[in-house]
Amino acid sequence: MAATSVMRPRGGNQQGKHSARSVQAKRDDDVMGTNDSSIVSKRCVSKLYFPKEPDFYQPFVARDARRNPLINRGYWLRMHAVEQVVRRFLAESSEKRKVVVNLGCGYDPLPFQFWHRHSSLCEHATFVDVDYPQLVGRKRDRILTSDVLRHGFFRGSPLPSTLPVYLRSQRYVAIGCDLRDLKTLGEVLDNELDISNASVLFVSEVAITYMPVTDSDALIRWAGTLKNAHFCLLEQYLPQGPDHPFAHTMLAHFNKLQTPIHAVTQYPSLGQQVGRFTDAGWPAISIARNLWDLWSDEDFTPSDLRQFLDTVEPFDEWEEFALFGGHYFLIYASNRDPEIATKTADPNLTNGSVLANGAALSDAITLTFVRDAGDTALTPRRFGATFKLNDDAVAFHGGQGTQQRLGTVDVLACPGSDMQPQFQQPRPVPPVPPPRICHTITTLDTTDSLLVGGRTSPAHALSDCWLLRSGVWHEAQPLNPARFRHCAVNVKVPRQGKSEGGVLVFGGKSSSADVLDDWWLWTANRGWCAVPVEGTARPIKRFGATISTTDGSHKCGICLGGMSNGLILADVWEWHLSAEPELHLRFVERTNTLHHGAQDTFGRLGASLLHHGNSLLLIGGVSRKDIHGLSDDFLLISNGPTIRIDKPEVKVSGEIWPLLVGHGAVAVSKDEIVVAGGGAVCFSMGSFWNSGLLSITRLENPPTQAWTLSTLAPTDQAPMQERDQVLQHRPKAMSKRKGDVKSKPTLRLHGKSHVQANNTAGPMSTTVPRVRLQSPVDFSTLLVASKPAILEDLDMGPCMRLWTLDYLKEKISPEREVVVHDSASDHMTFQTKNFQYAKKPFGEFIDGVNRGERLYLRAVSERSPFKLPTKLEDDFPTIAQDFRLPEELGEIKEKTHSSPLRISGPVSLWLHYDVLANVLCQVRGTKTLRLYPPSDVRYLDFPPGASSSNTNVHQSTNPKVQHTRPHIATLRPGDVLFIPPMWSHTATPEEGHSVAVNVFFKNLDTGYAAGRDVYGNRDLQAYENGRRDVEKIVKAFKDVPDDIAKFYLDRLAMELQEKADKFGKK
């Protein structure tokens, strides 16, 4: 929502005053911009979760936008929290009229929603919107021009009003007023509503925090002087201070937008916010809790409501949702005894988690940050799997990377180990696990580890399992139902006097969002078998729990935490595995035997539980109510007649604060645990990634060893040059702060790419990664990286539903003539011109495509095809409104060059490159593109000055093609392929036909050639100039003998190639 700041003064011609007003005007615009963003997100929430409700947001939002599930769930919680307070206020018994004043209302349609949802509560209530005059004026205009807003709820025509009242009805008032001008605001409210004799609720949802603190404090104090007043404040706070990774990212985001949130500087904690109200004369505070805590409150957010949300949209961003909710608070204050029934605030109002009274500090642990050394760095990843390869090496596999799900493995090895690299791959190359997240890999012994499940998206769990044996992946028996976020532990099964190693798996989530409660055991000899439970005592279904053995027998242990029904569980279960007389599990609930009962801190989602000394160390994750501080992230658990949970003393070596969410942790010895990876998407405010690794040791045993790092891309997702670097690269040491350590070669894992055993069968290929954008910032990152990517789950509008061939034929007109390529071959080639340009009626063209003819339409400008680039809105206006560029690609809009419509039958386009960056938006059919990086241009036979190749890469036997590194992108309807400049490409429909919109845009600030560029492939000005210079250089040697001319021209060519190679290394 927007918050009102200072209205700009009138008059005054001094330059200084004018400059000050200009700065203030810019700040006002920036703050109002927060309203524009939030209202789009709220509309998305409304359409998603309230599909049968009138669209109250439509008059204020120019176009639909699809937000990711995390933003949807976060805004839903904000809206729900405000609605609960307002609803309960209106439901209070009172003889006074009720007035709800929305401070910094922006375009929020709160009154209209209440008139629709809670009409009986609104009979004797008036809603008041207050914000910037210019914003309220626009809101008034849109209300009056909207049938839904005007006629549905005004009960007649608006009443006469004078400024600053912009709109007035029997139950609604819109006021354009500076919130710092409390005298005017008070007079207007008193004149219009006799506010002194009413029961009034002031609501500020992320609004007054944009005001200077002295001004917002004055507003809170003034509101408390009214006779019967209540105040609902929802905004950000810093439960663990400004240096917490989420808080740091959040503050940087608002500062970058030039909209700093001021209140957190003076009132960073919840206790200080409560003191802010009591100091301002508010005697009663009935709610002072963060939103994550209110999410878990059955009275505030009932379980059936939480479960309903999961049926609307697949959701698995729970830790990030907790971080968001834990940094926003709700305060409800009153200057009389409140009647709202809810849990009161914690009287201590401390920051973060609090261990139960009497919990002693136990053994100390030391955290040492191990930095990435030189150009060798751990791959950023979240929700991957971490495991020991052997006593000298650990591995980090898969997870969510910065742009895509990963299939890579980072391997850390002790520099003194005797391991040798294993590079010889058997032929044919063995398969490897596809990229995934939220899976487990459990070490069985020094040679074997088992990978189980995981997911791609929350609606696509994986059932495949893989055994890693001596560095080679082998497919194992799948586990059904498919699952992710399960927990797994290495066990020993006693069978006929011997112990058989295996992996015990519990719970998780399925593709249908069902939470599982089954137990499974895998052994090498028997594969998977369900494990029956003895008796009725057993853990309820859950996902994200943690499990560990508690002794050296690997036959018993504990399981704790996890989530079920949207709540983090705070229970502890002891498990015992036996095979006599038959395989079974026995459980004992130990929750009631906890020493000092630390329920608020040990119940966690996504934590790690590992052996450390003579205890277990619980690391990271998120808790049920509060945000962890760094020291809160660690708990020591000791098992015995009672289970003791203690908070260790945490010694930190250096300035570090990792975000222990989605991390990987493994015990490398009895006294050391290594943690790497992790981080979070910080709502819409950016992402935080942990770097380096964290070594956790007992204080008396500080870390002494360094680690060497190597990275292997075992799937087809890594470019060939990156894989070459893996095979040729001697691993470098990751160093502690005292310096580097020399390293020895380290183990690497065998893996597969789409590469032949030798170069005679074809070039190595790489699969273009699939990426889910969280915000426009992510697309900007892709532009900088300049690598192809398939963008998933974007909203391209109703074209996805409407654009059948018959629909296009009808809407565009069967009689309209278009120029198409009519090919005699499955693969068009520009060199041989095995096609002809044919002018056909559009209906005839569509009929031919339906019959399977080799026809291809690349639309051109209808008005001036040889001078102007085509744009969908200009050349196909009857269908243009069906297609919209996804909001996440908004950066393209102001840089758009053209947007050709592409429709093709079963024929491939020739290989070419585009000088302009572009996105190919696939609407119908599937299509496979082969893309070649700019460095491959030397192998692809592009004639001088031409952007089309003479090589048919589908059928070529030219040995030069074997040196290329094609990237393969298979597009499905709804996919958007980002094609960077100079990436040569060709496209082939995989089905009968393909329909797409191709949007070209300028992503360079300078360098484009002046003049006409119809197709977006005119070479840069520097290249055109350079070709002219080449001709001049050649002519300069015309009077020199040929052998001497060739000598010097060869030297010049070598010098030019050397400089080109230097560019390639940058």
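Strand E18, residues 498-506, runs antiparallel to strand E19, and five bridges join the two. Before I go on: this is a predicted model. Within that pairing, Leu-504 has Leu-521 in E19 as its bridge partner.

Staying with E19, residues 519-523: on its other pairing, four bridges join E19 to strand E20, residues 527-530, again in the antiparallel sense. Here Trp-520 stands opposite Ala-530 in E20. The connection from E19 to E20 is a hairpin through three residues.

How many residues of E19 are buried? Five of its five, so the strand is mostly covered, where buried means under 20% relative accessible area. The side chains split by direction: Trp-519, Leu-521 and Thr-523 point one way, and Trp-520 and Trp-522 point the other way. Both groups are buried.

Next, the open sheet. This sheet has eight strands with mixed pairing, and the order across it is E3-E4-E2-E1-E5-E6-E8-E7. At the edges are strand E3, residues 165-168, and strand E7, residues 284-290, each of which pairs on one side only. On average, neighbouring strands in this sheet are turned by 15° against each other, direction ignored.

One pair inside it is worth showing. Strand E5, residues 199-205, and strand E6, residues 229-236, are parallel and share six bridges. For a landmark, look at Leu-201, whose bridge partner in E6 is His-230.

Which helices lie across these strands? Helix H4, residues 133-144, lies across strand E2 (125-131), E3 and strand E4 (172-176). Its direction is at about 25° to E3. Helix H7, residues 213-223, lies across strand E1 (98-103), E5 and E6. The angle of H7 to E6 is about 155°.

Now some backbone details. Most residues other than glycine have a negative phi, and most peptide bonds are trans. Here are the exceptions I picked out.

The peptide bond between Leu-163 and Pro-164 is cis, with omega at about 15°. Pro-164 sits in the loop between helix H5 (147-153) and E3, and E3 is one of the edge strands I mentioned. Another cis bond joins Glu-580 and Pro-581, with omega at about -5°. Pro-581 is in the loop between strand E26 (572-578) and strand E27 (584-589).

On phi, Ser-470 has a positive value, near 50°, and is not a glycine. Ser-470 is in the loop between strand E15 (465-469) and strand E16 (472-476). With a relative accessible area of 44%, Ser-470 is partly exposed. Asp-793 also has a positive phi, near 55°. Asp-793 belongs to the loop between strand E44 (789-791) and helix H17 (799-802). At 38% relative accessibility, Asp-793 counts as partly exposed too.

Last topic, charges. Side chains of opposite charge can pair when their charged atoms come close. How many salt bridges does the structure hold? The count is 49, and I will show a few.

Arg-43 and Asp-55 meet through their side chains at 2.6 Å, N to O. Arg-43 lies in helix H1, residues 15-49, and Asp-55 in the loop between H1 and helix H2 (69-91), so this salt bridge ties together parts that are 12 residues apart in sequence. Is Arg-43 buried or exposed? Arg-43 is buried, at a relative accessible area of 7%, whereas Asp-55 is partly exposed at 24%.

Glu-649 and Lys-651 form another salt bridge, at 2.7 Å, N to O. Glu-649 is partly exposed at 33% relative accessibility, and Lys-651 is partly exposed with a relative accessible area of 34%.

The side chains of Asp-1061 and Arg-938 meet in a salt bridge at 4.0 Å, N to O. Asp-1061 is in helix H23, residues 1042-1065, while Arg-938 is in the loop between strand E51 (927-932) and strand E52 (967-971), so the pair ties together parts 123 residues apart in sequence. Asp-1061 is partly exposed, with a relative accessible area of 35%.

Finally, which residues are joined into one network by salt bridges that share partners? These are Lys-42, Arg-78, Asp-108 and Glu-205.

Note on methods
Residues numbered from 1 in each chain as written. Predicted model: local features only at pLDDT ≥ 70, side-chain atom pairs only at ≥ 80, totals over all residues. Heavy atoms only, no water. Pairing = 2+ DSSP bridges. Axes fitted to C-alpha atoms, helices over the stretch in contact; angles between N-to-C directions. Contact = heavy atoms within 4.5 Å. Buried < 20%, exposed > 50% of the residue type's maximum accessible area, 1.4 Å probe, protein only.
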